[in-house]
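Hi everyone, and thanks for coming. Let me put the model up on the screen, and then we can walk through it together.

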Amino acid sequence: MPLIDTHTHLDFDPFDADRGEVLARCATAGVERVLVLGVHQANWDRVWQMALNEPAVYGALGLHPVFLQDHRPEHIDALRDWLQRLRGEDKLCAIGEIGLDYYIENPNKDRQQELLEAQFDLANEFELPVLLHVRRAHAPMIAALKRYKLKRTGIAHAFSGSWEEAREYIKLGYKLGLGGAGTWPQAHRMHRVLQQLPLESIVLETDAPDITPHSHAGQRNSPEFLPDICRELAELRGISPEELAEASYLNSCEVFGWK
């Protein structure tokens, strides 16, 4: 049951002690590719070196809205320089993690929007898909996607919105990233949405080390748990894990242009 984890932060400190062992266990579990996302200028080099050094790891670079206080106007120019230098590299597969986060305390919505749109410009310039972080901001995100009409679409990561919001992303050509949050018994709305989503719109993710699935409650989340997430979501959906895994694998390859 081959799988692709479309969203991790394997470069973060919680994996410093056993990152190699985690990747070895991923290979044993059938997780063939692990995407690691940059969140601010200071971690791009770490992400990229990991992608170069680990056959299963692929990288994305971006400026995350939660780290707004760390970003500077010149970081957009720095990101453009990185993308120019890495243009055509197989291991660079997207711009991300980027987005809008209105859940954080006192969000600077104008600065978030400006940062998002600057990175949309880069996505169009370099013809890369986008990996979107959206919390309590689906309406402005969907509006921005409609305005920009990106050359390549991408993934709305950790999707937990309504069916109506899901349908808008799907109409625009975006996939929805599903992970551990949907495996919890109290996630009733997500369970209802899962029942309605077309399989061709679903990709699987862990967001490790965050959003641990119910089956690993209390543990650090890890990409090696992706098969368990797949099994739990497939059961909620009423299909076999193999069917969900195959759909997610093919959908992920479509987003990233992998054969």
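Before the strands, a word on pairing: two strands count as paired if DSSP finds at least two bridges between them. Helices (H or I, at least four residues) and strands (E, at least two) are DSSP runs, numbered from the N terminus. Two notes on the source: residues are numbered from 1 along each chain as its sequence is written, and side-chain values use heavy atoms, with hydrogens and water left out. This is a predicted model, where local features need pLDDT of at least 70, side-chain atom pairs count only at pLDDT 80 or more, and totals for chains, interfaces and linings use all residues.

How confident is the predictor here? pLDDT is its confidence in each residue, from 0 to 100. The mean for the protein is 98, and 100% of its residues reach 70 or more. Among the elements, H7 has the lowest mean pLDDT, at 97, and S8 the highest, at 99.

Let's start with strand S1, residues 3–8. Six of its six residues are buried, and buried means under 20% relative accessible area, with exposed over 50% and partly exposed in between, using a 1.4 Å probe and protein chains only. S1 runs parallel to strand S2, residues 31–37, and four bridges join the two. In that pairing, Thr 8 stands opposite Val 36 of S2. To get from S1 to S2, the chain passes through helix H1, residues 19–29, in a right-handed β-α-β crossover. Right-handed here means that, with the strands pointing away from the viewer, the path from the first strand over the helix to the second runs clockwise.

Next, please find strand S7, residues 175–178. Lys 175 and Gly 177 point one way, Leu 176 and Leu 178 point the other way, and all are buried. S7 has parallel partners that we can take in turn. Strand S6, residues 154–156, is joined to S7 by two bridges, and Ile 155 has Lys 175 as its bridge partner. The route from S6 to S7 goes through helix H6, residues 163–171, and that β-α-β crossover is right-handed. Strand S8, residues 202–204, pairs with S7 over three bridges, again in the parallel sense. There, Leu 176 stands opposite Ile 202. Helix H7, residues 188–196, completes a right-handed β-α-β unit with S7 and S8.

On to the helices. In H3, residues 73–85, which side chains should you look for? The buried residues are His 75, Ile 76, Ala 78, Leu 79, Trp 82 and Leu 83. They sit on the same side of H3 because they cover an arc of only 160 degrees around the axis, the arc being that of the directions from the helix axis to the C-beta atoms. Turn to the other side of H3, and you find Pro 73 and Arg 85 exposed. The buried residues pack against helix H2 (44–53), strand S3 (57–61), strand S4 (92–101) and helix H4 (109–126).

While we're at H4, have a look at Gln 113, which lies in that helix. Gln 113 is buried, with a relative accessible area of 17%. Leaving aside residues up to four places away in sequence, Gln 113 touches Leu 100, Tyr 102, Ala 144 and Arg 147, where contact means heavy atoms within 4.5 Å.

Helix H8, residues 226–237, is mostly covered, with nine of its twelve residues buried. Among them are Leu 226, Ile 229, Cys 230 and Leu 233. Right after H8 comes Gly 238, with a positive phi near 85 degrees.

Finally, some backbone details. Most residues other than glycine have a negative phi, and most peptide bonds are trans. Gly 96 and Glu 97, however, are joined by a cis peptide bond with omega about 15 degrees, and Glu 97 belongs to strand S4. Another cis bond joins Ala 208 and Pro 209, with omega about 10 degrees; Pro 209 is in the loop between S8 and H8. That loop also holds Ile 211, which has a positive phi of about 55 degrees although it is not a glycine. Asn 106, in the loop between S4 and H4, has a positive phi of about 50 degrees. Asn 106 is exposed at 69% relative accessibility, while Ile 211 is partly exposed at 34%.

Thanks for listening!

Technical notes
pLDDT is the predictor's confidence in each residue, from 0 to 100.
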